[in-house]
Amino acid sequence: TQRSSDMLVDYKPIKWQEIGGLEEVKIRLKQTVEWPLKHQEAFSRLGLPHPRGILLYGPPGCGKTTLVRAIATSCHVTFLAINGGQLYSPYVGDSERMLMQAFQQARAGAPSVLFIDEIDSVIGSRSHDGSRKSVQERVLSTLLNEMDGIGIKTDDIVRSGDKVHEGQQHTELQQALASTVDNSSVLVVAATNRSDMLDDAILRPGRIDHIIYVPPPDKEARASILRVHTSKIHLDDATLDQLAERTHGCTGADLENLCREAALYALSEDGIGTNRVTCHHFCHILETFKRSLSDDQI
Ligand code: ATP
């Protein structure tokens with residue numbers, strides 16, 4: 001069996017500017033995730049709720065994981081990531097234990113973001129058989145319990161302390177409790193490629209506060225993703241525009257691969273000493289380049 005610490009991975013930090021396109025998604029994430037994490041004191045002071053759970057959905061390779069890395073980087077919070085597929089175990093109690101351990105680590109390092117990628121592979125219900133269903137139900141109830149545990153509102157605790165402590169003592173208690181709760185905040189961000197997760201088990205209990213669609217890149221977004229991944233070779237705007245036009249159906253991950261392959265082709269064609277990757281190299285690779293997205297995904 002696996003221990004959860006084997007599944008917790010460190011992601012490379014990344015800045016918002018290194019993510020091309022997705023402008024609206026970035027703004028929404030900054031407002032709903034970054035502000036409450038960065039300005040915890042202000043949010044508590046004004047009684048604004050902290051989000052407990054966010055679900056990102058959209059086709060693979062279009063930036064869900066990358067966005068979560070950017071959140072963790074910009075907020076300077078602990079970032080823990082587990083994969084739904086790795087979480088699945090046929091041994092009774094194993095999946096739940098791994099999930100609980102992940103939450104424990106997230107709490108110990110709070111404030112933190114706990115990212116659960118491909119959550120459908122452990123919780124999605126539609127396509128699974130009976131034996132798997134019971135694991136799903138147990139994992140889901142563990143997830144919801146853990147999210148409840150981290151979702152206690154400062155106000156609730158302070159209210160229960162009211163009767164015992166009064167005046168100055170009360171204020172001190174209030175402050176102490178507020179800081180304890182704020183410091184233990186863990187935000188769960190789940191990701192899935194399956195849009196049928198939206199009306200599924202995880203959404204119904206209401207622990208997910210925001211559902212955010214991460215769309216495939218349009219032409220303009222493709223140009224900015226290409227700009228990010230060609231920052232060392234400085235392609236001019238006209239070339240970027242032309243390549244964006246010709247890469248319909250590409251995900252962000254495809255575009256990153258395209259840039260890598262074009263650079264390798266330049267090295268092989270023009271010699272290892274070259275420092276120029278041009279439209280010619282990109283066009284050669286594009287002739288046989290496979291796009292991940294089908295028309296119904298775009
Ligand atoms: P999956 O559903 O398969 O986990 P995902 O939506 O989480 O996919 P990412 O893992 O974020 O996709 O993206 C894969 C790679 O593609 C990343 O390494 C990243 O460099 C690149 N990429 C994807 N989208 C963008 C983007 N908008 N800007 C820059 N790079 C991107």
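In which helix is S95 found? In the predicted model, S95 is found in helix α6. Its relative accessible area is 1%, so S95 is buried, the limit for that class being under 20%. Leaving aside residues up to four places away in sequence, S95 touches L87, Y88, S89, V135 and V139.

The protein as a whole comprises 14 helices and 5 strands. Of its 298 residues, 47% count as buried. Among the contacts with a separation of 6 or more, 78% are accounted for by residues 24 or more positions apart.

Helix α6 also takes part in the nonpolar interior. The largest nonpolar core contains 27 residues, and L99, L114, I116, I119 and L143 are those with the most contacts inside it. Two or more residues are given to this core by each of β2 (78-83), α6 (94-108), β3 (112-117), α7 (120-123), α8 (130-150) and β4 (186-192). The largest share, 6 residues, comes from α8. In soluble globular proteins, nonpolar side chains tend to be buried together. The surroundings of I116 can be listed in full: with residues up to four places away in sequence not counted, I116 touches I82, L99, L143, V188, V189, A190 and A191. A second, separate core has 26 residues, including I14, A81, V189 and I212.

Aromatic pairing was examined next. The count of aromatic pairs comes to 2. In one of them, the ring centres of Y57 and Y213 are 5.1 Å apart and the planes lie at 40°, so the pair is classed as tilted. This pair links distant parts of the chain, with Y57 in strand β1 (residues 53-57) and Y213 in strand β5 (residues 210-213), 156 residues apart. The two partners fall into separate accessibility classes: Y57 has a relative accessible area of 17% and is therefore buried, under the 20% limit, whereas Y213, at 38%, is partly exposed because this value lies between 20% and 50%. A further pair is formed by F79 and F115, which are stacked, with 6.2 Å from centre to centre and 25° between the planes. Here too distant parts of the chain are linked: F79 belongs to strand β2 and F115 to strand β3, and the two are 36 residues apart. Both F79 and F115 are buried.

Helix packing was considered for α2 and α4. The axes of helix α2 (residues 23-38) and helix α4 (residues 64-75) come within 10 Å and cross at roughly 40°. The crossing in which α2 passes α4 is right-handed. On the α2 side the contact is made by V25, K26, L29, V33, E34, L37 and K38, and on the α4 side by L67, I71, S74 and C75. By class, the contact of α2 with α4 consists of 7 nonpolar, 1 polar and 3 charged residues.

Towards the C-terminal end of the numbering, helix α14 (residues 279-286) is mostly covered, with 6 of its 8 residues buried. The buried residues of α14 are C279, H281, F282, C283, I285 and L286. The elements covering them include α12 (237-245) and α13 (252-270).

Technical notes
Residues numbered from 1 in each chain as written. Predicted model: local features only at pLDDT ≥ 70, side-chain atom pairs only at ≥ 80, totals over all residues. Heavy atoms only, no water. Core = buried A, V, L, I, M, F, W, Y, C linked by side-chain atoms within 4.5 Å. Buried < 20%, exposed > 50% of the residue type's maximum accessible area, 1.4 Å probe, protein only. Helix = DSSP H or I, 4+ residues; strand = E, 2+ residues; numbered from the N terminus. Contact = heavy atoms within 4.5 Å. Axes fitted to C-alpha atoms, helices over the stretch in contact; angles between N-to-C directions. Left-handed = near helix turned anticlockwise from the far one by under 90°. Nonpolar A, V, L, I, M, F, W, Y, C, P; charged D, E, K, R; others polar. Phe/Tyr/Trp six-rings, centres within 6.5 Å; stacked < 30°, edge-to-face > 60°.
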